[in-house]
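Take a look at the structure below. We will walk through it step by step, from one chain to the pair.

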2 protein chains.
Amino acid sequence: MTDPAAPIAHLDPLPVVLAFDVFGTVVDWYGSIEREVAALGLGIDAGAFALAWRAGYQPAMARVRSGELGWTKIDALHRMILDDVVERFGVADRLDQAARRSLNLAWHRLDPWPDAVEGLGRLRRRFTLCTLSNGNLALLADMAKRAALPWDLILSAEVFRHYKPDPEAYLGVCEVFDVEPARMMLVAAHHDDLAAARACGCRTAHVARPLEFGPKVAADVAPRPGNDLHARDFRDLARQLGC
Amino acid sequence: MTDPAAPIAHLDPLPVVLAFDVFGTVVDWYGSIEREVAALGLGIDAGAFALAWRAGYQPAMARVRSGELGWTKIDALHRMILDDVVERFGVADRLDQAARRSLNLAWHRLDPWPDAVEGLGRLRRRFTLCTLSNGNLALLADMAKRAALPWDLILSAEVFRHYKPDPEAYLGVCEVFDVEPARMMLVAAHHDDLAAARACGCRTAHVARPLEFGPKVAADVAPRPGNDLHARDFRDLARQLGC
């Protein structure tokens, strides 16, 4: 065993708050949505449906970020996208309002990656753990309850009324905990998210999630030098952070 | 054993979200602050100091609610009050800035009432549990971590930028969970808080906390007919709610 504290020697000061991106970083949205769509027995490619639904996510948030749409929660954005995707997959007449409402809540029931709960549990002994997700608060609370994710605090773009990568989201976390940006570390699988946090003066840890988009679409898991840490998963992150 | 569901038969529809006031309702601020002040060995009446500190709380929030002060977190309000109270108790020169910063964080370290963790754990199996406190998010997160309070979501006046009893706080909880006010129940030891929630259309449960102000000051624990439930403590509340 190497000295568990060695990998964090270059982090001075050490972060006190770890803020986690959630979709893709903590939970497997692709596998979870595919499973729920497949269970409906619609005879469509459930994986492709999951990818199409998710592909509408950034454009929908961009409409809020630009001011074209007023503040709109992810639950409502997911529903707008779903109504479009069911048309494109030719199953609009097989999913009534109640079925769509139920399917839309699949995003509240995403499964964590296999390492997530153990890794978070170890990290929580040393750091304050929060979410910083574009998912709305109720979605994140339902997800955490179902999956036993041990957050110290659930924070969301909903609290700051700004979607990531707006700087108000990252700086909002620092303000909540009354810490300098350098004492907050964003943990995420996505380089645009990490770059926006770095631009605010925050620390960043990149986590590789090669299966984020399922088995057919390659995720960008290459480390980039701007990040303070690069981890294979949350167990590896815990090890690197001395937990 | 009586039928555990019987006491909630009159609650139709049943609430889905229980929102808890925290200071005095979930945690014993008096006993906790008295303990921390006594431990400083200042030779003052630690209980009287705790009461004086808390007595500044409503007037300080009233300055924010009226607009005289811009949005100010409870941590900052507690510190403003503390700076005044140490003068009045003649110990200002014995508590430097670092000592005051440390003592101010005593509000992050309040102990739960003896029934709180067990009662919440039982209630959480059936309901979504959140805080609705005027305490700031970091304070509530630190408190929950230390005391193992099993919240599904920590909500605060800080999220809504309105201190209770402003209606925006109660209605904000309903909006977060996308529920009608009648599906949210406020649990609190204080009748003004409960009355404000009722005025928003929410359900209310009164919990008796006879020792909230310590052994020398009587708390108002008489039930009032406007509330849906009146409970001796959280175990009793869980029993009445069929948990």
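Which domains does the domain assignment of chain A give? It gives domain 1 (6–28 + 112–240) and domain 2 (30–108). Such bounds come from an automatic or database domain assignment.

A word on the ground rules. This is a predicted model, in which local features need pLDDT of at least 70 and side-chain atom pairs count only at pLDDT 80 or more, while totals for chains, interfaces and linings use all residues. Residues are numbered from 1 along each chain as its sequence is written, and chains are lettered from A and ligands numbered from 1 in the order in which they are written.

Back to the domains of chain A. Their C-alpha centres lie 24 Å apart. Domain 1 puts 16 residues into the contact, and domain 2 puts in 15. Two residues are in contact if their C-beta atoms, placed from the backbone, lie within 7 Å. On the domain 1 side, strand S2 (27–28) and H7 of chain A each supply at least two residues. H7(A) gives the most, with three residues. Helices (H or I, at least four residues) and strands (E, at least two) are DSSP runs, numbered from the N terminus.

Now focus on helix H7 of chain A, residues 137–147. Eight of its 11 residues are buried, so the helix is largely enclosed by the rest of the structure. Buried means that 20 or more other C-beta atoms, placed from the backbone, lie within 10 Å of the residue's own; exposed means 12 or fewer, and partly exposed is in between. Among the buried ones are A:Leu137, A:Leu140, A:Asp142 and A:Met143. After H7(A) comes A:Ala148, with a positive phi near 60 degrees.

Next, bring in chain B. The contact takes 12 residues from each of chain A and chain B. On the side of chain A, H7, strand S5 (153–156) and helix H9 (167–177) each give two or more residues. The largest share, four residues, comes from H7(A).

How do the two copies relate? A turn of 180 degrees and a shift of 0.0 Å along the axis lay chain A on chain B with an RMSD of 0.0 Å. The copies are thus related as by a two-fold rotation axis. The superposition is by least squares on the C-alpha atoms of residues with pLDDT of at least 70 in both. In chain A, the C-alpha nearest the axis belongs to A:Val159, 2.9 Å away from it. Finally, 100% of the interface residues of chain A are also interface residues in chain B, so the copies meet through the same surface.
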